[in-house]
Structure formats: C-alpha cells, structure tokens
Amino acid sequence: MMSRPAATAGEATDTDDLVVHLLWINAGLSCDGDSVALTAATQPSIEEIALGALPGLPKVALHWPLLDYECGPDGGADSFIDWFHRADRGELEPFVLVVEGSVPNEAIKREGYWSGFGIDPATGQPITVCEWLDRLAPKATVVLAAGTCAAYGGVHAMAGNPTGAMGVPDYLGWEWRSKADVPIVCVPGCPVQPDNLSETIVHLLYQIAGRAPAIPLDENLRPAWLFDRTVHEGCSLAGYYEQGDFSAVFGQDRCLVKIGCWGPAVKCNVPKRGWINGVGGCPNVGGICIACTMPGFPDRFMPFMDQPSGLHTPETDEGLYGILIRTLRGLTLHDVEKEPEWRRRGHELTTGYEP
Ligand code: SF4
Ligand code: SF4
Ligand code: SF4
C-alpha cells in the first residue's frame with residue numbers, strides 16, 4: 001500500500017487520505033510485556049487509534065505481531081513480514097518503526113544469531129533485529145522505543161549478560177535523528193504504562209499529520225510532559241514520608257522507603273496516572289518503586305527491597321522528628337475535628353451575628 005508523504009511538523013495536512021504505517025518489531029530481547037500493556041490503554045485505547053475514533057488523526061495501518069492476522073508465509077505477498085520488506089524497498093511512506101525489546105550485539109557472537117525477525121527470502125536465513133534496524137531506521141519518519149528494554153536495555157542488559165544487549169539509542173546513537181529530523185522517542189517502563197504509550201503514539205501521529213508540534217523530549221528522550229515529576233511527588237503515601245511514618249514490612253500502609261522504594265529519585269507518573277483506567281500505581285497500592293523507567297534500571301537499583309541509600313533526609317531518618325511532627329499534628333487534628341460551639345439547640349443566638 002502506497003500513501004503520500006507526511007507533512008513536516010507544523011505543516012497542517014488533510015488527513016483524509018494519509019495512512020501512517022506502524023511497523024512493530026517485538027523480536028528484540030523482549031517478553032512482549034509492552035505489547036500486552038498497550039491492550040490495556042484507555043486514554044486513548046489502541047482500538048480508538050486503530051479505528052480512527054480520534055478527530056484529525058490520520059488513518060493507521062498497524063503491523064503489530066500481537067494482533068495482526070496477516071500471518072502468511074515469510075516473503076509471500078500480504079504476509080505479515082512482507083510489510084517490513086515493502087518499507088525496506090521504500091514503498092511505505094510514512095511509517096513509524098516501533099521497537100520492543102533490547103537490541104543484542106550481533107557483532108560479539110561466535111556463531112548463529114541472538115534474535116531474528118522473519119526470513120530473508122534470498123537466503124532462507126533469519127534477518128536479525130540489528131539488520132532490520134540498519135535497514136529501516138533511515139527510512140522511518142519516527143523510531144519509537146517502547147518499554148525500558150528498547151529504550152535503555154533494561155533487564156536483558158544487566159551486568160554479566162552474554163548478549164551485550166542495549167537500548168535503541170545505544171545502537172543508533174543518542175544524537176540520531178530520523179529523516180524527518182525527529183529524535184528517537186523512548187517511552188520506558190517495564191512494562192510501559194499503557195496510556196503513556198498510546199498517548200505518545202497519538203502525539204506522533206498528529207505530528208506526522210502536521211497537526212501537532214514536535215514532541216518535547218527530556219534528556220533521556222522520554223516525552224517530557226509524562227516524565228517530568230518523580231514517583232514521590234505523586235505518591236499517595238508521600239504524607240507519611242513527610243511526617244516520618246514508615247512501613248517496616250509490607251502491608252503496613254505507610255511510606256515504603258525503608259523497605260526499598262526508590263520513588264524520590266525516579267521519574268515516573270504512574271502514581272498520579274494509575275495503571276489501568278486510573279486505577280493502581282505501584283506505591284499507591286503498596287508496592288515499592290523499583291525504578292523501572294530509569295536508564296540505570298535494574299543494576300543501579302539493586303538489590304531490590306533493601307533501603308535505598310541516600311534517599312531519606314536526616315530529619316526523616318531521625319525517629320524523634322517523626323514522633324514530634326505526628327504528636328503536634330495529632331493535637332491540631334484533635335482541635336479541628338470538633339464542630340464550632342455555636343452549633344446547638346437553644347433560644348439564644350451565639351454565632352456572633354450582629355444585626
Ligand atoms: Fe518485557 Fe520489561 Fe523488557 Fe518490556 S521492558 S520487553 S515488559 S522486560
Ligand atoms: Fe515516596 Fe516511595 Fe514513600 Fe511513596 S512510598 S512517599 S514514593 S518513598
Ligand atoms: Fe516503575 Fe516505579 Fe513507575 Fe512503578 S512507580 S512503574 S516501579 S518507575
């Protein structure tokens with residue numbers, strides 16, 4: 001399927017006949033968790049994106065292994081993988097290349113391959129994920145890294161791994177820009193928060209259609225408006241932290257910093273946004289933040305469930321501070337929990353009203 005070129009950012013276009021292809025490679029070192037997460041998005045949902053329910057959004061052709069029913073033989077016309085070959089031949093314009101999973105280093109292995117995606121019709125051999133990146137990234141309008149593995153390497157890139165795994169920016173280069181001058185867009189999370197991914201996809205689609213400005217990204221290539229606050233700043237347990245009231249074991253419904261929560265030093269909106277349809281959000285529901293959106297995840301945050309070093313202030317670490325604050329607040333609370341004294345039955349007006 002051929003479609004006409006997208007406008008550059010800021011140049012409005014008639015989206016009626018614009019088709020943007022989303023080519024999704026989930027064959028990096030991946031557990032498919034980000035694909036599964038996207039099926040839970042509600043603001044907007046993937047159905048709303050795919051079925052064109054959002055005003056002004058260009059039509060979307062999803063080539064996504066999780067849901068695609070085109071599963072013919074490799075290399076055959078209309079097979080799932082054929083869309084990737086068409087993009088490689090320059091026949092799809094525009095397209096967004098979505099990568100899920102970390103990128104193994106094929107240059108270090110002695111034989112075989114670390115991860116492949118489809119078969120090369122000419123050789124009958126698997127095409128590696130690295131090769132797809134080499135072929136398609138220069139032709140893509142946008143490259144989107146979905147999940148922490150694709151963004152920064154994630155769990156597969158831990159110290160001691162044999163694959164030399166890395167994130168897409170590590171592979172293509174952090175300064176890499178697409179032919180449309182768009183940097184790699186990273187939406188981390190392990191898995192990604194569903195609405196963070198769907199909202200980013202929508203922004204990119206509007207941008208490609210010339211109906212949205214260039215996506216603002218932070219220094220780690222995350223959408224800035226989604227990752228500009230810490231977990232701690234949105235946590236429903238932050239009041240307990242502030243008054244030095246900490247859980248010593250799970251299930252105590254107090255701040256979790258002493259049992260391993262990294263929230264004060266982690267950029268993630270999950271406590272504010274919830275997980276599915278506004279519900280959930282790690283510490284809000286009693287789970288420590290293990291920093292899954294961060295470039296240093298997981299190595300810099302292990303061992304999980306140990307108290308993070310350097311997070312608590314001297315005041316909150318000092319038991320007396322918490323006791324004093326809670327006692328003073330208890331006195332104030334006792335006072336303000338009473339109704340004013342003039343609210344009672346009787347024949348005398350005691351509200352202070354003066355005619
Ligand atoms: Fe799976 Fe997490 Fe990697 Fe996504 S980031 S592929 S959920 S391990
Ligand atoms: Fe901060 Fe974590 Fe405590 Fe919440 S549970 S207040 S994020 S340290
Ligand atoms: Fe990951 Fe922490 Fe955000 Fe939970 S709160 S999704 S563990 S970064």
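This report describes a parallel sheet, the helix packed on it and the surroundings of two ligands in a predicted model.

Local features rest on pLDDT of at least 70 and side-chain atom pairs on pLDDT 80 or more, whereas totals for chains, interfaces and linings use all residues. Residues are numbered from 1 along each chain as its sequence is written, and chains are lettered from A and ligands numbered from 1 in the order in which they are written.

Five strands (DSSP runs of E, at least two residues, numbered from the N terminus) form an open sheet in the order β2-β1-β3-β6-β7 with parallel pairing, where pairing requires at least two DSSP bridges between two strands. Because β2 (59–63) and β7 (185–187) stand at the edges with a single partner strand each, one side of each is left without a neighbour in the sheet. Neighbouring strands are turned by 20° against each other on average, direction ignored, with axes fitted as lines to C-alpha atoms, for helices over the stretch in contact, and angles running from 0 to 180 degrees between N-to-C directions.

Strands β1 (residues 19–25) and β3 (residues 95–100) pair over five bridges, and H21 has F95 in β3 as its bridge partner. Helix α7 (residues 194–208; helices are DSSP runs of H or I, at least four residues) packs on the sheet and touches β1, β2, β3, β6 (142–146) and β7, its direction making about 160° with that of β7; contact means C-beta atoms, placed from the backbone, within 7 Å.

The ligand shells contain residues whose C-beta atom, placed from the backbone, lies within 6 Å. Ala, Val, Leu, Ile, Met, Phe, Trp, Tyr, Cys and Pro count as nonpolar, Asp, Glu, Lys and Arg as charged, and the others, Gly among them, as polar.

| Shell | Nonpolar | Polar | Charged |
|---|---|---|---|
| Ligand 2 | 12 residues | two residues | no residues |
| Ligand 3 | nine residues | two residues | no residues |

Of the 14 residues around ligand 2, H232, C235, C255, C261 and G263 come nearest, while those around ligand 3 include C268, C282, C289 and C292.

Key: Two residues are in contact if their C-beta atoms, placed from the backbone, lie within 7 Å.
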